[in-house]
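User: Please take a close look at one part of this model, the packing of its main nonpolar core, and set that part in the context of the whole chain. A connected account would be preferred to a list.

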Amino acid sequence: MKTVKEVSRITGVSIRTLRYYDEIGLLKPTELTETGYRLYDSKALEKLQEILFFRELEIPLMDIKNIMDTPNYDKEQILRTQKLLLEQKRNRLNGIIELITDVMKGVNTMSFEAFSHEEVQKIVNHTLECMSKEKIDEQVQKFGSLEKYKEHLSSGFANEQAMTDLMKWYGSKEKAMEAIMQSTGDAEEVNQEQDENTRIYKLFMAAKECGSMDMERSAVELLAENYKKMFALDNARNILLDLAKEYLQNEKLAEVTDSQFGIGCSEYVANAIKRYYGA
């Protein structure tokens with residue numbers, strides 16, 4: 001048996017709070033001594049721990065009491081639910097911490113400034129420099145001339161949604177410009193990144209098969225690192241959340257992914273990303 005003072009010291013819950021829990025019937029002491037001192041056994045301490053888990057989820061005390069007083073109260077199921085909700089809370093906070101870290105680095109995550117005509121032409125010319133002659137010839141044949149293909153490339157920068165996404169991923173026009181101009185079109189590098197993506201998606205499917213949350217979390221972290229390399233990003237959170245959204249809304253993209261890695265892969269990856277970032 002533990003006294004109220006000992007329980008307070010062990011759990012960090014104040015003596016006043018423990019007395020209040022007793023008063024409202026949320027956590028009664030196991031017994032009272034002849035002098036009126038509260039004593040708690042191991043079962044009472046276990047119940048207090050469950051209450052503290054509920055409090056971490058910011059559930060009101062009377063709601064906790066009503067839940068725990070329910071005749072069909074299933075402790076194991078409640079613990080599983082608490083664990084899931086606390087993981088989601090942790091992931092959401094991790095995402096916020098990442099955004100704060102970006103801001104501290106000087107990355108403006110809320111800015112938008114359109115590319116000038118000169119900047120667009122600079123990007124288009126750089127893109128062409130990174131393409132092989134064969135690839136350029138293919139596009140010229142498709143669009144009718146090199147000038148028309150350039151116009152096609154330039155038109156992408158007039159797409160407001162695409163530009164909004166670009167700013168969201170990079171945080172600023174300058175960062176986006178820097179990343180684009182760093183691209184080399186190196187086929188070997190692209191193949192390595194695609195091979196890494198394939199390995200990661202196979203890990204996702206293995207996690208799906210065995211139900212491993214640790215493996216799932218590891219796969220999301222690896223995917224984030226690979227996307228940072230692929231797109232020269234400081235933070236992959238926004239681009240991965242957009243990818244998750246596309247998987248859940250774009251049936252054609254989902255079908256392509258599922259045909260390559262297995263039925264349900266796209267939906268599982270999307271939900272894994274959302275769980276990781278607490279979205």
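Analyst: The account below begins with the whole chain, turns to the core, and ends with a helix pair and a single residue.

The model is predicted, with an average pLDDT of 83 over the chain and a score of at least 70 for 82% of the residues. Confidence varies among the elements: strand E3 (residues 38-40) has the highest mean pLDDT, 94, and helix H9 (residues 160-170) the lowest, 65. Where pLDDT is low, the predicted coordinates should not be read in detail.

The secondary structure consists of 15 helices and 3 strands. The chain has 279 residues, of which 35% count as buried. Among contacts with a separation of 6 or more, 60% are between residues 24 or more positions apart.

The part requested is the largest nonpolar core, which has 28 residues. Within this core, the residues that touch the most other members are Tyr201, Phe204, Leu223, Leu240, Leu243, Ile273 and Tyr277. Two or more residues are contributed by each of helix H11 (187-210), helix H12 (213-231), helix H13 (237-249) and helix H15 (265-277). H15 supplies the largest share of the core, 8 residues. Leucine 243 offers a detailed view of the packing: when its neighbours within four places in sequence are set aside, it is in contact with Tyr201, Leu223, Tyr227 and Ile273. Another core lies apart from this one; it has 18 residues, including Val4, Leu18, Leu27 and Phe54. In soluble globular proteins, nonpolar side chains tend to be buried together.

A helix pair provides a further example of packing. The axes of helix H7 (residues 133-143) and helix H8 (residues 146-155) come within 8 Å and cross at roughly 95°. An angle from 65 to 115 degrees counts as roughly perpendicular, and H7 and H8 are therefore roughly perpendicular to each other. On the H7 side, Ile136, Gln139, Val140 and Phe143 take part, and they meet Leu146, Lys148, Tyr149 and His152 in H8. Classified by residue type, this contact has 5 nonpolar, 2 polar and 1 charged residues.

The last point concerns asparagine 125, which is located in helix H6 (residues 117-130). Its relative accessible area is 33%, and asparagine 125 is therefore partly exposed, given that this class lies between the 20% and 50% limits. The C-alpha atom of asparagine 125 is separated by 8.3 Å from that of lysine 150, although the two residues are 25 residues apart along the chain.

How values were computed:
Residues are numbered from 1 along each chain as its sequence is written. This is a predicted model: local features need pLDDT of at least 70, side-chain atom pairs count only at pLDDT 80 or more; totals for chains, interfaces and linings use all residues. Side-chain values use heavy atoms; hydrogens and water are left out. pLDDT is the predictor's confidence in each residue, from 0 to 100. Helices (H or I, at least four residues) and strands (E, at least two) are DSSP runs, numbered from the N terminus. A nonpolar core is a set of buried Ala, Val, Leu, Ile, Met, Phe, Trp, Tyr and Cys residues joined through side-chain atoms within 4.5 Å. Buried means under 20% relative accessible area, exposed over 50%, partly exposed in between (1.4 Å probe, protein chains only). Contact means heavy atoms within 4.5 Å. Axes are lines fitted to C-alpha atoms, for helices over the stretch in contact, and angles run from 0 to 180 degrees between N-to-C directions. Angles under 35 degrees count as roughly parallel, over 145 as roughly antiparallel, 65 to 115 as roughly perpendicular and the rest as oblique. Ala, Val, Leu, Ile, Met, Phe, Trp, Tyr, Cys and Pro count as nonpolar, Asp, Glu, Lys and Arg as charged, and the others, Gly among them, as polar.
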